[in-house]
Amino acid sequence: MISCYDAVRQLWEYLDGTVGEADRALVEEHLGRCRRCCAEMEFAHEMRSLLARSARDDIPADVLQRLNHSLEELDR
Amino acid sequence: MQQKRRAQRLHNVALLDVRPGGTVQDPRTDQPVSFRELASAQLPRLYSIARRLVGDDAEDAVQECLLKGFQRYGQLKAAQSGPAWLKTILVNSCRDRARVAARRPYKIDFDEVEKFSLYRKIAYEDPFPYSDSLHLDFLGEFGPEDVRAVLMRIPALYRIPLVLVYMDGFLAKELARRLDVPLGTVLSRLHRGRKLFEKQLWEYAEETGLLKEGAR
């Protein structure tokens with residue numbers, strides 16, 4: 001079984017689906033036996049959610065107006 | 001100063017020979033779509049991405065994207081690909097800006113960053129001694145504004161893949177193709193970006209007093 005250090009190092013990649021088949025199996029084997037690393041995986045998952053939740057950034061009305069004005073200028 | 005820059009920018013737009021523009025056919029409706037129609041609908045999305053990629057330079061980056069997009073509009077095959085096409089132009093404009101910014105020196109000790117674990121740090125420092133879900137409570141202290149402020153502390157080279165993958169839903173290999181860099185480079189920058197994000201979350205929380213009781 002891989003060490004906690006090796007498992008934790010790959011947690012984000014594991015969640016991203018960017019680890020190879022063999023490494024994936026090793027991480028899953030480790031997670032199946034290590035509660036501490038499962039908790040750390042949950043934490044990594046929450047950090048990803050935190051980023052996704054913060055994605056929206058509303059455009060201020062004055063900026064939108066200026067950008068639309070530029071489009072008008074281009075269209076002339 | 002900003003007003004002056006904006007006025008200059010609009011003036012430049014008016015002076016530039018920016019043809020072709022024109023229209024592109026939308027095969028779904030069989031109707032021609034002008035660049036203005038296409039881009040106008042995408043402005044909130046483009047601005048939102050630029051804001052997270054280049055912060056206060058977002059408006060300038062979108063302006064640049066509009067100019068380049070207009071000039072290359074004739075190259076677009078079908079209007080339905082327009083949103084993704086514009087996003088690629090924007091991401092590349094932001095990346096160019098990041099390259100310029102990267103010439104300004106910043107020093108990061110990646111050995112130290114690599115050793116840092118936010119999970120362990122929270123467990124060790126125990127900022128909420130009576131909490132049953134210490135780690136999740138820590139993340140719960142961060143609002144969207146805080147997250148964006150944390151991201152802006154990360155050099156653009158690492159921030160750009162982080163934002164595009166975890167906030168805008170790009171796949172790493174798709175990003176590699178759009179940025180025209182090897183997949184391994186994207187994965188390596190993502191890894192460093194994540195580690196820097198963890199470290200900056202903690203430092204931001206400490207510096208802004210986010211962990212003090214009643215801070216919210």
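The following conversation between two people goes through how chain B is built, and how chain A meets chain B, in a predicted model.

Colleague: What should I know about the numbering and the model before we begin?

Modeller: Residues are numbered from 1 along each chain as its sequence is written, while chains are lettered from A and ligands numbered from 1 in the order in which they are written. The model is predicted, so local features need pLDDT of at least 70 and side-chain atom pairs count only at pLDDT 80 or more, whereas totals for chains, interfaces and linings use all residues.

Colleague: What makes up chain B, in helices and strands?

Modeller: Chain B has 11 helices and 2 strands, where helices (H or I, at least four residues) and strands (E, at least two) are DSSP runs numbered from the N terminus. Along the sequence these follow the pattern α-β-β-α-α-α-α-α-α-α-α-α-α.

Colleague: Into which domains is chain B divided, and how many residues does each give to the contact?

Modeller: Domain 1 covers 2-102 and domain 2 covers 110-207, with bounds that come from an automatic or database domain assignment. Domain 1 of chain B brings 12 residues to the contact and domain 2 of chain B brings 14, a contact being a pair of residues whose C-beta atoms, placed from the backbone, lie within 7 Å. On the domain 1 side, α2 (35-54) and α4 (82-102) of chain B are the elements that give two or more residues, and α4(B) gives the most, with 7 residues.

Colleague: Why is helix α9 of chain B called largely enclosed?

Modeller: A residue is buried if 20 or more other C-beta atoms lie within 10 Å of its own, exposed if 12 or fewer, and partly exposed in between. In α9 (residues 156-166) of chain B, 10 of the 11 residues are buried, so the helix is largely enclosed by the rest of the structure. Among the buried residues are B:Tyr158, B:Arg159, B:Leu162 and B:Tyr166. For chain B as a whole, 33% of the 216 residues count as buried.

Colleague: Why is B:Phe110 called exposed, and why is A:Ala52 called partly exposed?

Modeller: B:Phe110, which lies in helix α5 (residues 110-115) of chain B, has 10 C-beta neighbours inside 10 Å and therefore counts as exposed. A:Ala52 has 13 other C-beta atoms within 10 Å, which is why A:Ala52 is partly exposed. A:Ala52 is found in helix α4 (residues 35-53) of chain A and, leaving aside its neighbours within four places in sequence, is in contact with B:Tyr166 and B:Met167.

Colleague: How do you know that the largest nonpolar core lies between the domains of chain B?

Modeller: A nonpolar core is a set of buried Ala, Val, Leu, Ile, Met, Phe, Trp, Tyr and Cys residues joined through C-beta atoms within 7 Å. The largest has 59 residues, and those with the most contacts inside it are B:Leu46, B:Ala50, B:Val62 and B:Leu90. The largest share of this core, 10 residues, comes from α2(B). Domain 1 (2-102) and domain 2 (110-207) of chain B both give residues to this core, so the core lies between them. Not counting residues up to four places away in sequence, B:Val62 touches A:Leu67, B:Leu46, B:Tyr47, B:Ala50 and B:Leu90.

Colleague: What describes the packing of α2(B) with α3(B)?

Modeller: Two packed helices are described by the angle between their axes and the distance between the axes. For α2(B) and α3(B) the angle is about 145 degrees and the axes are 9 Å apart; axes are lines fitted to C-alpha atoms, for helices over the stretch in contact, and angles run from 0 to 180 degrees between N-to-C directions. Residues making the contact include B:Leu46 and B:Ala50 of α2(B) and B:Val62 and B:Cys65 of α3(B).

Colleague: What makes up the side of chain B that touches chain A, by class?

Modeller: In this contact, 35 residues of chain B meet 28 residues of chain A, and α2(B) supplies the largest share of the chain B side, 9 residues. That side divides into 21 nonpolar, 6 polar and 8 charged residues, where Ala, Val, Leu, Ile, Met, Phe, Trp, Tyr, Cys and Pro count as nonpolar, Asp, Glu, Lys and Arg as charged, and the others, Gly among them, as polar.

Note on methods: Two residues are in contact if their C-beta atoms, placed from the backbone, lie within 7 Å.
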